[in-house]
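Take a look at the chain below. Start with one helix, then step back to the whole protein.

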Amino acid sequence: MSSPSLTLGYVPGGTPAKWARIWADRHPAVPLVLHPVTAADAADALRAGTIDVALLRLPADTTGLAVIALYEETTVAVVPTDHVLTAVDDIAAADLDGEPILLPLDHVVAWADAPGNPVDHRPETTEDAIELVAAGLGALIVPQSLARLYHRKDLTYRPITDAPTCPVALAFQEGEQPELVEEFIGIVRGRKASSSRGQAEPAPKRSAREKTLAKQAARAAAGKTAAGKVARKPGKAHRGRR
């Protein structure tokens with residue numbers, strides 16, 4: 001019989017390290033297997049059972065999956081370090097008008113009316129597109145985490161203030177979840193190790209005034225009890241007459 005484990009799929013730019021550390025602390029005997037997946041394949045890998053949970057990007061085909069929204073990533077433009085756009089800290093979509101824009105086949109930013117002029121050649125991956133940006137063939141619009149992942153000294157990026165954000169979510173198959181999946185969901189949601197689902201809520205802490213009043217009431221009750229008792233002096237027992 002194989003030992004239990006949990007497989008977490010994560011897309012490029014995903015950052016599961018924090019949750020992996022917490023998992024290792026709480027479940028040292030149960031490995032958390034980190035499994036890289038492409039953004040296009042993450043949902044299918046879940047449905048096929050290749051992975052148990054996934055850190056993926058939205059929008060995606062989530063048929064048959066339950067999804068928990070986690071956070072929204074800033075959308076940025078990757079350009080050479082000597083590009084005119086690097087003169088400012090952030091840019092607007094209009095600043096990219098007329099710029100050649102690279103659209104890799106694994107492009108993940110859902111922006112229907114994105115600015116710029118799409119380059120006819122579509123590189124296979126975002127990593128390939130980064131090489132073309134460095135060669136001066138165009139700019140690249142990506143989530144900020146991908147710009148950091150593929151960072152190069154000759155490239156930089158600028159946030160696009162009016163661009164749509166890039167949602168990141170945790171996904172798993174619909175229905176009742178195995179115990180390990182439930183435990184991982186709890187970690188992602190910030191559930192403490194000592195807590196559990198369905199556990200009774202602890203009694204609320206009393207204020208200092210409430211504690212004082214409770215002590216006074218206890219003393220008063222003790223005083224009434226003492227007053228109600230009749231003290232009997234010890235003495236010799238008297239025998240009755242015969």
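Helix H3 spans residues 126-134, and its buried residues are Thr126, Ala129, Ile130, Leu132 and Val133. Seen down the axis of H3, these residues fall within an arc of 160 degrees, so they line one face of the helix. The general rule helps here. An α-helix has 3.6 residues a turn, so residues three or four places apart point the same way. Keep in mind that this is a predicted model.

What covers the buried residues of H3? Several elements do, including those in this table.

| Element covering H3 | Residues |
|---|---|
| Strand E5 | 75-80 |
| Strand E6 | 100-102 |
| Strand E8 | 139-143 |
| Helix H4 | 144-149 |
| Strand E9 | 155-159 |

Now look at the backbone. Just after H3 comes glycine 136, with a positive phi of about 85 degrees. Elsewhere, leucine 58 and proline 59 are joined by a cis peptide bond. Its omega is about 5 degrees. Where does proline 59 sit? Proline 59 lies in the loop between strand E3 (53-57) and strand E4 (65-73).

Finally, the whole protein. The protein has six helices and ten strands. It has 242 residues, and 34% of them count as buried. Take the contacts in the protein with a separation of 6 or more: 70% of them involve residues 24 or more positions apart. The accessible surface of the protein comes to about 15700 Å². Carbon and sulfur atoms account for 52% of that surface.

Conventions: Residues are numbered from 1 along each chain as its sequence is written. This is a predicted model: local features need pLDDT of at least 70, side-chain atom pairs count only at pLDDT 80 or more; totals for chains, interfaces and linings use all residues. Side-chain values use heavy atoms; hydrogens and water are left out. Buried means under 20% relative accessible area, exposed over 50%, partly exposed in between (1.4 Å probe, protein chains only). Helices (H or I, at least four residues) and strands (E, at least two) are DSSP runs, numbered from the N terminus. The arc is that of the directions from the helix axis to the C-beta atoms. Contact means heavy atoms within 4.5 Å. Accessible areas come from the Shrake-Rupley method with a 1.4 Å probe; for residues, only the protein chains shown count as cover.
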